[in-house]
Amino acid sequence: MGSLPFSVSDLQTSTSGARSSPTLLCTPLMGTTVDQMLIEMRKAKEIGSDVVEIRLDCLRNFNPRPDLEILIKRSPLPTLVTYRPIWEGGQYEGDETKRQDALRLAMELGADFIDVELEVAHDFNSSIYGKKPENFKVIVSSHNFHNTPSSEAIGNLVARIQATGADIVKIATTALDITDCARIFHIMVHSQIPTIGIVMGERGLISRLLSPKFGGYLTYGALEAGAISAPGQPTAKDLLDLYNFRLIRPDTTVYGIIGKPVGHSKSPLLFNAAFKSVGLNAVYVHYLVDDVKKFFDTYSSPDWAGCSCTIPHKEAALKCMDEIDPIAKKIGAINNIVRRPDGTLTAFNTDYIGAISAIEDGLRGLNGPNPASGSPLAGKLFVVLGAGGAGKSLAYGAAQKGARVVVANRTFERAKELADKVGGQAMTLAEVDNFHPEEGMVLANTTSVGMKPKIDEAPISKQSLKNYCLVFDAIYTPKETRLLREARETGAVIVYGTEMLIRQGFEQYKNFTGLPAPEELFRQLMEKHA
Ligand code: ATR
């Protein structure tokens with residue numbers, strides 16, 4: 001299975017291509033009774049869907065004529081009628097003639113679309129030849145629950161579907177890797193007739209979200225998170241509110257967060273709200289990525305303009321970069337990747353910038369505005385607890401600002417290794433309690449001690465905190481750790497981990513867009529959704 005790189009020319013075809021009307025948002029109705037479906041169709045309209053898919057195979061007792069009459073006539077939205085047999089992933093097990101009769105009846109009763117499976121489409125379409133009402137359309141669908149075939153095989157499939165006399169082609173495949181979506185995008189962009197391309201499964205999410213970018217005729221959005229009609233289906237509400245579905249166009253720039261897992265990330269919420277607030281033609285999606293190199297090789301055109309990067313890819317992604325910010329390189333981890341207009345990738349580590357700038361502002365608040373333009377960290381004794389990824393970020397960041405760095409870690413060897421790299425001193429965590437060479441030191445905790453659920457723990461004693469003028473904790477669950485609470489009680493300025501989180505986001509936004517971040521909006525959203 002080859003995966004084609006997705007190029008600019010693909011996009012140009014889509015912009016100048018035949019399809020210009022916006023992608024429809026269709027909500028499948030999965031109720032088991034007609035009454036339930038009637039409620040669901042009203043909800044779908046309220047949410048903002050364009051079409052409802054009446055899944056006849058979900059109905060427990062289906063009486064074709066009366067039921068279809070009610071469902072089609074009472075629907076507040078255009079209707080797509082589907083009667084999916086078990087052999088194509090649906091629930092209908094009965095007689096094939098009866099099934100097709102029901103679909104023909106739906107057409108006669110005024111359904112806007114029906115969906116018929118490729119397997120039987122040729123005969124079905126012949127049976128309704130010359131009888132199709134005006135504006136009525138037949139979707140001929142093919143579902144593959146195993147994988148996403150090669151571009152050539154998908155091309156052949158589209159040709160077979162077209163040959164049945166389909167008005168609309170629907171191809172649903174299964175994503176084994178996020179790059180499988182590229183082949184479906186390719187087909188949608190180049191297809192001569194309206195095409196619905198869906199890659200099912202978690203790894204296929206972008207095929208659904210970005211359907212409007214690649215000229216998809218329709219995409220499916222569930223009524224509720226639990227009520228999906230196919231694997232990986234987002235809710236209609238998320239499509240509309242979280243991913244700004246209505247604003248996505250062929251020339252929309254795409255950002256996202258790569259990770260595994262990634263679905264929990266709130267970054268799409270922040271970035272999409274920010275883009276919308278300033279009218280930026282951009283979208284930010286969740287990228288569930290297994291193989292970072294393959295991802296960057298496949299989505300390589302300038303429209304894939306950058307991404308945030310989270311666990312477990314912060315180190316692997318380094319190898320795919322053309323340019324790396326010098327401190328990020330030393331830290332050995334990146335979390336922000338920007339694609340330059342020439343296609344090259346530049347990486348940053350905004351975690352350390354977020355943390356260091358929050359600490360600097362804390363110190364400025366303490367000392368009053370510093371008349372000298374330098375960092376308030378210059379010359380300070382800066383104690384970093386922990387020597388993992390976050391420890392490295394803080395140690396390098398502080399050293400760059402001219403602080404004298406001390407690295408304290410449970411495992412001394414790791415402390416020593418990092419301290420040597422930043423030209424600092426090393427000690428064990430236990431030694432920090434008796435370390436007070438001077439007043440006014442800065443403390444930054446990057447160990448996981450005190451993190452939920454062990455919120456009663458603290459990495460060092462309360463007694464030792466009196467030597468610090470400022471204490472920062474990279475932990476943000478809970479927001480106020482025992483360490484921060486005790487530091488506050490001791491009289492130190494405290495800087496929350498949430499501040500690092502939010503500020504690293506500001507930096508990413510600036511790197512992506514070249515614009516200042518809407519800081520107040522970010523803060524409000526973080527507050528609301530944290
Ligand atoms: P991160 O990338 O978030 O910094 P990490 O690389 O796993 O995560 O590092 C975790 C840090 O927390 C390490 O410094 C670790 O100390 P060790 O190097 O000795 O493992 C520290 N840490 C984790 N649990 C700890 C505990 N119970 N007590 C003290 N330090 C702990």
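In the predicted model, P261 is placed in the loop between β9 (253-259) and α10. The peptide bond that joins K260 to P261 is cis, with omega at about 0°. A second cis peptide bond joins I311 and P312, and its omega is about 5°. P312 belongs to the loop between β11 (304-309) and β12 (323-324). Most peptide bonds are trans, and most residues other than glycine have a negative phi.

Two asparagines in loops depart from the usual sign of phi. N135 has a phi near 70°, a positive value in a residue other than glycine. The position of N135 is the loop between α5 (118-127) and β5 (137-143). N135 has a relative accessible area of 62% and is therefore exposed, the cut-off for this class being over 50%. N244 also is not a glycine, and its phi is positive at about 50°. N244 sits in the loop between α9 (236-242) and β9. The relative accessibility of N244 is 7%, so N244 counts as buried; the limit for this class is under 20%.

The loop that holds P261 leads to α10, a helix of residues 267-277. The axis of α10 comes within 10 Å of the axis of helix α19 (residues 519-529), and the two cross at roughly 145°. This crossing of α10 and α19 is right-handed. On the α10 side, the contact is made by L269, L270, F271, A273, A274 and S277. On the α19 side, L521, F522, L525, M526 and H529 take part. Sorted by class, the contact of α10 with α19 has 9 nonpolar residues, 2 polar residues and no charged residues.

Strand β2 spans residues 51-55 and is mostly covered, with 5 of its 5 residues buried. In a regular strand, side chains alternate between the two faces of the sheet. In β2, V51, E53 and R55 point one way, while V52 and I54 point the other way. The buried residues of β2 include the charged-class residues E53 and R55.

Strand β2 is paired with two strands. Strand β1 (residues 24-29) runs parallel to β2 and is joined to β2 by 4 bridges. Within this pair, V51 of β2 stands opposite C26. Between β1 and β2 the chain passes through helix α2 (residues 34-47), and this β-α-β crossover is right-handed. Strand β3 (residues 79-82) also pairs with β2 in the parallel sense, over 4 bridges. Here V52 stands opposite T79 in β3. A right-handed β-α-β unit is made by β2, helix α3 (residues 64-74) and β3.

T79 belongs to strand β3. T79 has a relative accessibility of 1% and so counts as buried. Leaving aside residues up to four places away in sequence, T79 touches V51, V52, I54, L71, I72, G110, A111, D112 and F113. Of these, V51, V52 and I54 are residues of β2. The C-alpha atom of T79 is separated by 45 Å from that of L345, which lies 266 residues away along the chain.

An open sheet of 6 strands is arranged in the order β17-β16-β15-β18-β19-β20, and the pairing is parallel. At its edges are β17 (425-428) and β20 (493-495), each of which pairs on one side only. On average, neighbouring strands of this sheet are turned by 20° against each other, direction ignored. The edge strand β17 pairs with strand β16 (residues 404-409) in the parallel sense, over 4 bridges. In this pair, A426 of β17 is the bridge partner of V407.

Two helices lie across strands of this sheet. Helix α13 (residues 350-367) lies across β15 (381-385), β18 (441-445), β19 (468-473) and β20. Relative to β19, α13 runs at about 150°. Helix α17 (residues 482-490) lies across β18, β19 and β20, and runs at about 160° to β19.

Terms used. Residues are numbered from 1 along each chain as its sequence is written. This is a predicted model: local features need pLDDT of at least 70, side-chain atom pairs count only at pLDDT 80 or more; totals for chains, interfaces and linings use all residues. Side-chain values use heavy atoms; hydrogens and water are left out. Buried means under 20% relative accessible area, exposed over 50%, partly exposed in between (1.4 Å probe, protein chains only). Two strands pair if DSSP finds at least two bridges between them. A crossover is right-handed if, with the strands pointing away from the viewer, the path from the first strand over the helix to the second runs clockwise. Axes are lines fitted to C-alpha atoms, for helices over the stretch in contact, and angles run from 0 to 180 degrees between N-to-C directions. A crossing is left-handed if the near helix is turned anticlockwise from the far one by less than a right angle, and right-handed if clockwise. Contact means heavy atoms within 4.5 Å.
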